[in-house]
Amino acid sequence: MHIYAQLSTHILLPMTIGALAVLIIALLKGEICPGQRGRLHRQIPIIACLFFISAGAMPVFVIPAALLVYFSVQTKTGKTRDSGPIFLLWLALLSSLMLWLASIVSNQSLFLAGSLCLAISELIFLGAVLAHLLMIRAKTRLQAFHTLLPVAGVVSLMLVVLSVLIQAYWAWPTDTKWVLNAIISAFPALILAVFVWCWHLFRSSTAHILQVGVAWLCCMLGSYLLLPLFY
């Protein structure tokens with residue numbers, strides 16, 4: 001598989017779909033004022049842009065991107081109590097999720113079960129960190145998300161580790177030295193990501209965009225370094 005498609009399948013798409021799911025939950029379930037709602041609406045075009053980038057490798061992802069663009073056109077980005085056509089967000093989420101899972105199943109990977117485990121883990125891990133970054137950018141006052149999203153990152157990192165162990169055992173049973181080198185290069189970045197991401201919880205302080213931005217970069221780097229184990 002081409003590296004662009006690999007990056008889209010196991011990094012860009014799970015991150016984008018997971019972040020979109022969190023933003024939908026925040027818009028529907030969160031107690032947000034009109035100003036916060038408008039600022040959250042401004043984050044949707046960023047999600048659409050990531051789908052457009054992935055569409056360079058898999059053109060079908062123009063569909064959820066177009067749905068999000070249409071949603072952005074139909075909603076206000078200033079102070080508003082109007083939630084807009086939320087069904088478009090759900091449609092974009094469900095269509096992208098089904099297309100993404102279909103792309104994983106249809107692609108040639110070394111061990112499908114390992115690839116699926118990693119994909120679901122990255123959906124939570126990368127999706128949560130991007131959603132946290134976007135929510136801080138939107139200056140949201142939904143404090144519960146500043147706790148829940150890093151905790152979700154810790155739990156999903158454990159699932160990533162489990163996925164790697166499954167893949168190493170079934171797909172690379174004889175290349176233990178190479179597998180260990182790949183793991184040793186990737187895991188420090190992932191552990192650092194979680195440590196930086198949870199730093200405000202350790203200090204009982206406010207999460208900052210620079211802190212979560214560094215955690216996001218480390219998440220991306222660690223996830224990229226794991227890719228050779230799955231193809």
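Reader: Hi! Among contacts between residues at least 6 apart in sequence, what share joins residues at least 24 apart?

Author: In this predicted model, 78% of those contacts in the protein chain join residues at least 24 apart.

Reader: Nice. And how many helices and strands are there in the chain?

Author: The protein chain has ten helices and zero strands. Read from the N terminus, the order is α-α-α-α-α-α-α-α-α-α.

Reader: Is that chain as compact as a globular protein of that length, or not, and why?

Author: It is as compact as a globular protein of that length, because its radius of gyration is 18 Å, close to the 17 Å that the globule rule gives for 231 residues.

Reader: What about the box that the C-alpha atoms fill?

Author: Taken along the principal axes, that box is roughly 60 × 45 × 20 Å.

Reader: And what percentage of the residues is buried?

Author: Buried residues account for 52% of the 231 in the protein chain.

Reader: Okay, switching to helix packing. At what angle do α3 and α4 pack?

Author: Helix α3, residues 44–55, packs against helix α4, residues 62–74, at an angle of about 160°. Their axes are 8 Å apart.

Reader: So are they roughly parallel or roughly antiparallel?

Author: Roughly antiparallel, because an angle over 145 degrees counts as that, and theirs is about 160°. The crossing of α3 and α4 is left-handed.

Reader: Which residues meet there?

Author: From α3 you have Ile44, Pro45, Ile47, Ala48, Phe51, Phe52 and Ala55. On the α4 side they meet Val62, Pro64, Ala65, Ala66, Leu68, Val69, Phe71 and Ser72.

Reader: How does that contact split by class?

Author: The contact of α3 with α4 has 14 nonpolar residues, one polar residue and no charged ones.

Reader: Great, now α1 and α2. How far apart are their axes?

Author: The axes of α1 (residues 3–29) and α2 (residues 34–41) are 11 Å apart, and the two helices pack at an angle of about 160°. That makes α1 roughly antiparallel to α2.

Reader: Is their crossing left-handed or right-handed?

Author: The crossing of α1 and α2 is left-handed.

Reader: Which side chains should I click on for that one? I mean, which residues make the contact?

Author: Pick Leu23, Ala26 and Leu27 in α1, then Arg37, Leu40 and His41 in α2.

Reader: And how many of those are nonpolar, polar and charged?

Author: By class, the contact of α1 with α2 has four nonpolar residues, one polar and one charged.

Notes. Residues are numbered from 1 along each chain as its sequence is written. This is a predicted model: local features need pLDDT of at least 70, side-chain atom pairs count only at pLDDT 80 or more; totals for chains, interfaces and linings use all residues. Side-chain values use heavy atoms; hydrogens and water are left out. Axes are lines fitted to C-alpha atoms, for helices over the stretch in contact, and angles run from 0 to 180 degrees between N-to-C directions. Helices (H or I, at least four residues) and strands (E, at least two) are DSSP runs, numbered from the N terminus. A crossing is left-handed if the near helix is turned anticlockwise from the far one by less than a right angle, and right-handed if clockwise. Contact means heavy atoms within 4.5 Å. Ala, Val, Leu, Ile, Met, Phe, Trp, Tyr, Cys and Pro count as nonpolar, Asp, Glu, Lys and Arg as charged, and the others, Gly among them, as polar. Angles under 35 degrees count as roughly parallel, over 145 as roughly antiparallel, 65 to 115 as roughly perpendicular and the rest as oblique. The radius of gyration is taken over C-alpha atoms; the globule rule is 2.2 Å times the number of residues to the power 0.38. Buried means under 20% relative accessible area, exposed over 50%, partly exposed in between (1.4 Å probe, protein chains only).
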